[in-house]
Amino acid sequence: MSNRGPYRGRFAPSPTGPLHLGNARSALLSWLAARAAGGAYLVRVEDLDGPRVRPGLEARILEELRWLGLDWDEGPDVGGGRGPYRQSERGGLYAEALSALRAAGLVYPCFCSRAEIALASQAPHASDEGPRYPGTCRDLGASAGARRAASRAPAWRLRVEEGPVAFDDGVRGRQAFDVAGTVGDFVVARADGIPAYQLAVAVDDAAMRITDVVRGDDLLPSTARQLLVYRALGLAAPRFAHVPLVAGPDGERLAKRHGALSLGELRERGADPRAVVGLLAAISGLAPAGSRLLPGELVAGFRLGTVSREPARLDPGAVAALAARPAGGGRG
């Protein structure tokens with residue numbers, strides 16, 4: 001089942017760190033896709049990781065996105081009919097989803113620690129969730145489960161059947177992932193009661209009627225797990241398009257070690273936001289190098305298919321030079 005209503009896109013930042021240019025590029029491309037389709041655009045704040053959330057950062061992120069020239073129709077600061085737009089305020093929806101999965105027998109309690117999983121796993125595969133889960137608690141009897149529950153609260157894992165999970169990606173084309181072979185049964189709710197990312201994002205995108213998700217391709221492997229959550233809950237899945245990450249001169253994912261300034265640092269040092277948009281457009285193959293643009297100037301004729309499938313390399317020196325440019329002038 002798939003969403004095919006009027007286009008609804010989104011950007012979902014996490015207020016745990018500053019927006020870097022890779023985040024900004026994902027936001028720009030997802031915004032362009034929504035506006036080119038004449039659709040709605042939402043901002044949802046993913047703030048479930050409470051200890052890592054930094055006070056005041058949500059407001060700063062929203063300010064920086066507006067400084068870049070982006071706008072949104074629904075979000076934590078403007079409201080909308082599908083809110084609330086902070087994950088920390090949507091706990092009831094996640095609890096309902098977990099209850100439905102439990103009632104259907106599609107999840108089971110897991111009492112294993114990370115160390116126990118690492119010791120028990122015989123497979124060489126590893127994912128962003130760590131070693132493949134070997135299924136230790138999959139068929140744990142009721143009495144054994146009750147004994148373990150007396151001393152340790154369980155996480156909840158989704159039962160994953162064997163076989164590839166395939167989907168068509170708007171940038172990468174046909175994709176298939178063997179979730180059972182590489183990840184195994186995966187966590188949808190942590191032992192502390194916090195919903196896992198894969199559950200929360202699927203529940204939220206379905207509830208907000210998101211039709212299209214444009215994001216960085218570091219999340220490409222997560223898509224298969226999210227599709228399994230959609231199926232288990234009987235929810236409509238959006239279309240997905242994963243754009244290549246922004247890399248440093250060495251070809252590795254852009255990081256602090258490359259010395260690139262964050263979006264906030266560029267703003268504070270007086271960079272022209274049009275020059276920043278121009279740089280992001282240039283490394284995406286959407287504009288000539290040195291352009292200065294408003295995001296709206298890129299909407300006409302925008303297609304995700306024109307975005308390069310190769311990592312976008314960014315020279316930190318070129319980024320630093322933006323902060324030295326005076327504002328003013330027009331398109332370069």
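A residue is taken as buried when its relative accessible area is under 20%, as exposed when that area is over 50%, and as partly exposed in between. The structure described here is a predicted model, and the burial classes given below follow from that model.

The cysteines were examined with this cut-off in hand. Cys112 has a relative accessibility of 16%, and because this value is under 20%, the residue counts as buried. Cys137 is likewise assigned to the buried class, since its relative accessibility is 3%. The structure holds 0 disulfides. Cys112 takes part in none, and the nearest cysteine sulfur to its own, that of Cys137, is 3.6 Å away. Seen from Cys137, the closest cysteine sulfur is that of Cys112; a disulfide requires two sulfur atoms within 2.5 Å, so the separation of 3.6 Å is too far for a bond.

Strand pairing was considered next. Strands of a sheet pair through backbone hydrogen bonds, in either a parallel or an antiparallel sense. One open sheet is made of 3 strands in the order β3-β6-β9, and its pairing is antiparallel. Its edge strands are β3, residues 107-110, and β9, residues 186-189, each of which pairs on one side only. On average, neighbouring strands in this sheet are turned by 45° against each other, with direction ignored. Strand β6 spans residues 155-158 and is joined to β9 by 3 bridges, the two strands running antiparallel. Within this pair, Trp156 has Ala189 of β9 as its bridge partner.

Antiparallel pairing is also found between β7 and β8. Strand β8 covers residues 173-177 and is paired with β7 over 5 bridges in the antiparallel sense. The two strands form a hairpin, with 3 residues between them. Ala166 is matched in β8 by Ala176, its bridge partner. In a regular strand the side chains alternate between the two faces of the sheet. In β7, which comprises residues 165-169, the covered face consists of Val165, Phe167 and Asp169, while Ala166 and Asp168 make up the uncovered face. The covered face of β7 thus includes an aspartate, Asp169.

A parallel arrangement is seen for β10 and β11. Strand β10, residues 212-216, is connected to β11 by 5 bridges, and the two run parallel. One of the residue pairs is formed by Val214 and its bridge partner in β11, Ala241. Strand β11 runs from residue 239 to residue 243 and is mostly covered, with 4 of its 5 residues buried.

Two backbone features lie in loops. Most residues other than glycine have a negative phi, and most peptide bonds are trans. The peptide bond from Gly83 to Pro84, however, is cis, with omega near 0°. Pro84 is placed in the loop between α2, residues 57-68, and α3, residues 91-103. Arg209 is a residue other than glycine with a positive phi, near 60°. Arg209 is located in the loop that separates α7, residues 197-207, from β10. With a relative accessibility of 40%, Arg209 counts as partly exposed.

Helix α3 contributes two residues whose C-alpha atoms were compared in position with that of Val203. Leu93 lies in α3, and its C-alpha is 7.4 Å from that of Val203, although 110 residues separate the two in sequence. Ala97 is also found in helix α3. The C-alpha atoms of Ala97 and Val203 are separated by 7.4 Å, with a spacing of 106 residues along the chain. As to accessibility, Leu93 is partly exposed, because its relative accessible area is 32%, whereas Ala97 counts as buried at 9%.

Internal space was examined last. Rolling a probe the size of a water molecule over the atoms shows where empty space is left. The count comes to 1 cavity of 30 Å³ or more. The volume of the largest cavity is about 30 Å³. Its lining is formed by Pro13, Ser14, Pro15, Val45, Glu58, Ile61 and Leu62. By residue class, the lining of the largest cavity divides into 5 nonpolar residues, 1 polar and 1 charged.

Note on methods
Residues are numbered from 1 along each chain as its sequence is written. This is a predicted model: local features need pLDDT of at least 70, side-chain atom pairs count only at pLDDT 80 or more; totals for chains, interfaces and linings use all residues. Side-chain values use heavy atoms; hydrogens and water are left out. On a 1 Å grid over the protein atoms alone, a cavity is a set of points where a 1.4 Å probe fits but cannot get out, and a pocket is an open set with protein on both sides within 12 Å along at least five of seven lines; lining residues have an atom within 4 Å of a point. Grid points are joined across faces, edges and corners, and a volume is the space filled by probe spheres set on the points. Ala, Val, Leu, Ile, Met, Phe, Trp, Tyr, Cys and Pro count as nonpolar, Asp, Glu, Lys and Arg as charged, and the others, Gly among them, as polar. Two strands pair if DSSP finds at least two bridges between them. Axes are lines fitted to C-alpha atoms, for helices over the stretch in contact, and angles run from 0 to 180 degrees between N-to-C directions. Buried means under 20% relative accessible area, exposed over 50%, partly exposed in between (1.4 Å probe, protein chains only).
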